[in-house]
Amino acid sequence: MKEINVGLVGYNFMGRAHSNAYRQVGFYFPELKAKPVMKVLCGRTKERTDACAEAFGWEDVVYDVDELLARDDIDMVDITVPNNQHAELAIKAAKAGKHVFCEKPLATSVADAKKMVAAVKKAGVVNMLCHNYRRAPAISLAKKMIDNGDLGDIYHWRSLYLQDWLMPPDVPMMWRVQKEIAGSGSLGDLMAHSIDLALWLLGDINSLSCAMETFIDKRPQLDSFDTGLGGKAAKDSKMGTVDVDDGVVALCRFANGALGTMEATRFAAGHKNYNWFEVNGSKGSLRFNLERMNELEYYNCADKGDRTGFRLIQATDDSHPFMGLPKGAGPRFWPVAHIIGYEHTFINTVFDLCQAVATGKQTSPSFEDGLKTQLVLDACDKAATSGKWVKV
Ligand code: SOE
């Protein structure tokens with residue numbers, strides 16, 4: 001079987017999730033056309049990089065990206081480091097003729113996102129932005145139903161992406177609360193997922209209004225750069241200033257005439273990873289909640305009399321996206337209702353990525369799709385600053 005030699009940059013939360021997906025994709029997808037080989041892990045600190053390479057199963061390590069890009073035994077570069085590094089790494093990788101896989105959000109600015117799109121187009125390399133939630137089977141089912149016209153004309157998009165891990169004031173000045181590294185706070189970290197899904201399921205957003213707030217603007221400095229979800233700062237640490245949004249709300253108008261509301265925050269006490277959306281149409285509604293990832297709620301206006309109401313579809317049998325082996329050969333993962341989890345959204349994503357590299361046929365979301373999300377993020381920022389409706 002063809003092989004794709006992968007070089008991974010970064011080893012924290014997303015580096016670990018991607019590594020797990022490379023390890024497992026061949027086990028669940030016998031139809032894989034090219035097997036990812038976990039060739040090189042690239043990280044800044046020798047100790048962490050060596051330890052993670054050992055733990056995750058990477059063959060080799062480097063501590064310098066240019067060394068990784070110079071290797072002719074690397075076919076694809078996977079970028080899982082903080083957002084302000086995405087553009088430089090992706091552009092360099094494309095110039096080196098490597099296919100590029102990049103974690104969301106694409107960049108920290110529209111200008112950088114445009115440069116990334118130009119670089120991968122010029123190089124003619126496969127490129128994919130990792131919005132893992134699209135390949136939760138229940139969300140892919142929602143896409144199939146909407147595209148099939150099962151909801152009719154679409155009137156509303158409504159999304160929430162709620163977490164609460166940033167509420168303690170002693171969560172330190174980690175990268176996700178620093179604009180120069182993250183680009184934004186809950187907007188790019190969480191609402192970027194909702195925007196990607198909204199654009200994928202409903203189409204373009206024409207205009208929007210937005211409001212943001214920073215609830216805690218001083219946090220203790222860490223004495224070393226923390227790329228995780230926030231370590232612990234020493235007792236007598238200096239305080240740093242948070243310059244990103246802790247919460248964001250947006251109203252939007254879609255090109256297809258639908259109205260949208262979106263909200264994202266890391267200050268919603270009690271919500272841990274509540275990535276939720278609802279779509280209302282002339283023939284019915286769909287509702288998804290990541291905390292019940294295998295389920296999709298569906299209201300069908302055709303139901304009459306004493307049979308109306310939201311039904312609960314459990315997207316776990318062979319008929320559901322990603323859940324059945326080709327040619328009806330049975331369940332891909334487990335028998336019906338033996339549910340799957342967060343890590344499978346990355347395995348499904350990496351499968352489509354590897355098929356794209358093997359066939360040279362681009363998959364989605366591409367960097368071009370990512371630029372559309374970046375334009376909406378940028379419009380949110382402009383609208384929140386001006387207090388006015390903004391065209392995307
Ligand atoms: C932290 O907010 C985080 O890890 C995000 O960065 C991810 O994109 C999201 O999928 C889960 O929460």
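The second largest pocket in this predicted model lies between two domains, because domain 1 (2-133) and domain 2 (137-292 + 294-340 + 375-385) both give residues to its lining. The volume of this pocket is about 190 Å³, and its lining is made up of 15 residues, with Thr-108, Gly-183, Ser-184, Gln-374 and Leu-377 lying nearest the centre. If we sort the lining by class, we find six nonpolar, six polar and three charged residues.

Which helices each supply at least two residues of that lining? They are helix 7 (179-182), helix 8 (186-202) and helix 10 (367-386), and the largest share, four residues, comes from helix 10. Please keep helix 10 in mind, as I will return to it.

Let me step back to the two domains themselves. Their C-alpha centres lie 24 Å apart, and the contact between them takes 17 residues from domain 1 and 29 residues from domain 2.

Now to the sheets. Strands of a sheet pair through backbone hydrogen bonds, and they can do so in a parallel or an antiparallel way. One open sheet here is formed by six strands in the order 3-2-1-4-5-6, and its pairing is parallel. Its edge strands are strand 3 (60-62) and strand 6 (127-130), each of which pairs on one side only, and the twist from one strand to the next averages 25 degrees. For a closer look at one pair, take strand 4 (residues 76-79) and strand 5 (residues 99-103), which pair in the parallel sense over four bridges; here Met-76 has His-99 of strand 5 as its bridge partner.

Helices lie against this sheet as well. Helix 9 (residues 342-359) packs on it and touches strand 1 (2-9), strand 2, strand 4, strand 5 and strand 6, with a direction that makes about 160 degrees with that of strand 5. Helix 2 (residues 46-56), for its part, lies across strand 2 (34-42) and strand 3, and runs at about 155 degrees to strand 2.

There is also an open sheet of nine strands, in the order 16-15-14-13-7-12-11-8-17, and here the pairing is mixed. At its edges are strand 16 (311-314) and strand 17 (390-391), each pairing on one side only. Do strand 15 (residues 295-300) and strand 16 run parallel or antiparallel? They run antiparallel and are joined by four bridges, and within this pair Glu-297 stands opposite Leu-312 of strand 16. Helix 6 (residues 137-147) packs on this sheet, touching strand 7 (154-162), strand 13 (274-281), strand 14 (284-289), strand 15 and strand 16, and its direction makes about 25 degrees with that of strand 15.

This brings us back to helix 10, which gives four residues to the pocket lining. Helix 10 also lies across strand 8 (205-213), strand 11 (247-254) and strand 17, running at about 55 degrees to strand 8.

Finally, some details of the backbone that you can look up in the loops. A cis peptide bond, with omega about -15 degrees, joins Lys-104 and Pro-105, and Pro-105 sits in the loop between strand 5 and helix 5 (110-123). The peptide bond from Ser-364 to Pro-365 is likewise cis, with omega near 0 degrees, and Pro-365 belongs to the loop between helix 9 and helix 10. Lys-327, although it is not a glycine, has a positive phi of about 55 degrees, and Lys-327 is placed in the loop between strand 16 and helix 9.

Methods:
Residues numbered from 1 in each chain as written. Predicted model: local features only at pLDDT ≥ 70, side-chain atom pairs only at ≥ 80, totals over all residues. Heavy atoms only, no water. 1 Å grid on protein atoms, 1.4 Å probe; cavity = no way out; pocket = protein on both sides within 12 Å on 5 of 7 lines; lining within 4 Å. Points joined across faces, edges and corners; volume = space filled by probe spheres on them. Nonpolar A, V, L, I, M, F, W, Y, C, P; charged D, E, K, R; others polar. Domains from an automatic or database assignment. Pairing = 2+ DSSP bridges. Axes fitted to C-alpha atoms, helices over the stretch in contact; angles between N-to-C directions. Contact = heavy atoms within 4.5 Å.
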